[in-house]
Structures are given as C-alpha cells and as structure tokens.
Amino acid sequence: MPNARVLRDIKARHGVNANEILRRAYLYVARNQTLPAQVRFQAQLQLNTFGRYTRPSTVKNRCTETGRGRGVISEFGLCRFQFRQKALANELPGVKKASW
C-alpha cells in the first residue's frame, strides 16, 4: 500500500496535468499589462477558483516506496536508502556496486 504522501503527490501531479493549459492561459491574461484592468481582474478571479492541487508548486519528488521527500534519485523514483537496498539485491536493472 502506498504512503499517504505518495498518494497526495500523485493526486497533485494529475491535477497539474489536467489544468495546465487553462491555468497558463489565465496567468498570461492576468499578468499582461497591456490588457484592461477589468479583464485582468476576471482572469485573476478564475485563477483563484482552481483547487490546491492544480498548482505546479505542490508537486514534489518523493520516493515511491517510502514517501521520503529528500535524497530522491529521480531517474528511479527512489530515495538514496531504498536505491541502495534495491541495487544490492539486484532489483534494479543495469545497476551494480562499483569497485575499482
């Protein structure tokens, strides 16, 4: 069973992907200084109606196994400790302990 933090991050990623184009359009209109103030104000109001998990800043790289948010190796989606454990157990293809 995935960690609650991982589930929250997955939900945030889906929300950002689903609303990205519309959100960027409203941001462009709201920040465009050449447009009338009333139009920019309406765009800002529309931006405020979006939910919490539609903002790109809510997405954070997390370990898919433990939900840890620090030391994540993004290529594998694992934190450094889980990466080491799986690499030593030969569960990651193409990864082996270095020796020289």
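## Two domains and a kinked helix

The domain assignment splits the protein chain into domain 1, residues 1-60, and domain 2, residues 63-100. Keep in mind that this is a predicted model.

So how do the two halves meet? The table has the basics.

| Domain 1 and domain 2 | Value |
|---|---|
| Distance between C-alpha centres | 32 Å |
| Area buried between them | about 310 Å² |
| Share of that area on carbon and sulfur atoms | 51% |
| Salt bridges across the interface | zero |

In terms of contacts, four residues of domain 1 touch five residues of domain 2. On the domain 1 side, Asn3, Val6 and Lys60 bring in 80% of the area buried against domain 2, and no other three residues supply as much.

Now for helix α1, which runs over residues 4-31. What is the distance between the end C-alpha atoms of this 28-residue helix? They sit only 35 Å apart, whereas a straight helix would reach 40 Å at 1.5 Å a residue. There is also a kink in α1 of about 60 degrees, and Glu20 is at its centre.

Which residues of α1 are buried? Val6, Asp9, Ala12, Gly15, Val16, Arg23 and Ala30 are, and the buried residues of α1 pack against α2, residues 37-49. As background, an α-helix has 3.6 residues a turn, so residues three or four places apart point the same way.

Val6 turns up twice here: it is among the buried residues of α1, and it is one of the three residues that supply 80% of the area domain 1 buries against domain 2.

Definitions and conventions:
Residues are numbered from 1 along each chain as its sequence is written. This is a predicted model: local features need pLDDT of at least 70, side-chain atom pairs count only at pLDDT 80 or more; totals for chains, interfaces and linings use all residues. Side-chain values use heavy atoms; hydrogens and water are left out. Helices (H or I, at least four residues) and strands (E, at least two) are DSSP runs, numbered from the N terminus. The expected span of a helix is 1.5 Å times one less than its number of residues. The bend at a residue is the angle between axes fitted to the seven residues ending there and the seven starting there. Buried means under 20% relative accessible area, exposed over 50%, partly exposed in between (1.4 Å probe, protein chains only). Contact means heavy atoms within 4.5 Å. Domain bounds come from an automatic or database domain assignment. Buried area is the accessible area (1.4 Å probe) that two parts lose on being put together, summed over both. A salt bridge is a side-chain nitrogen of Lys or Arg within 4 Å of a carboxyl oxygen of Asp or Glu.
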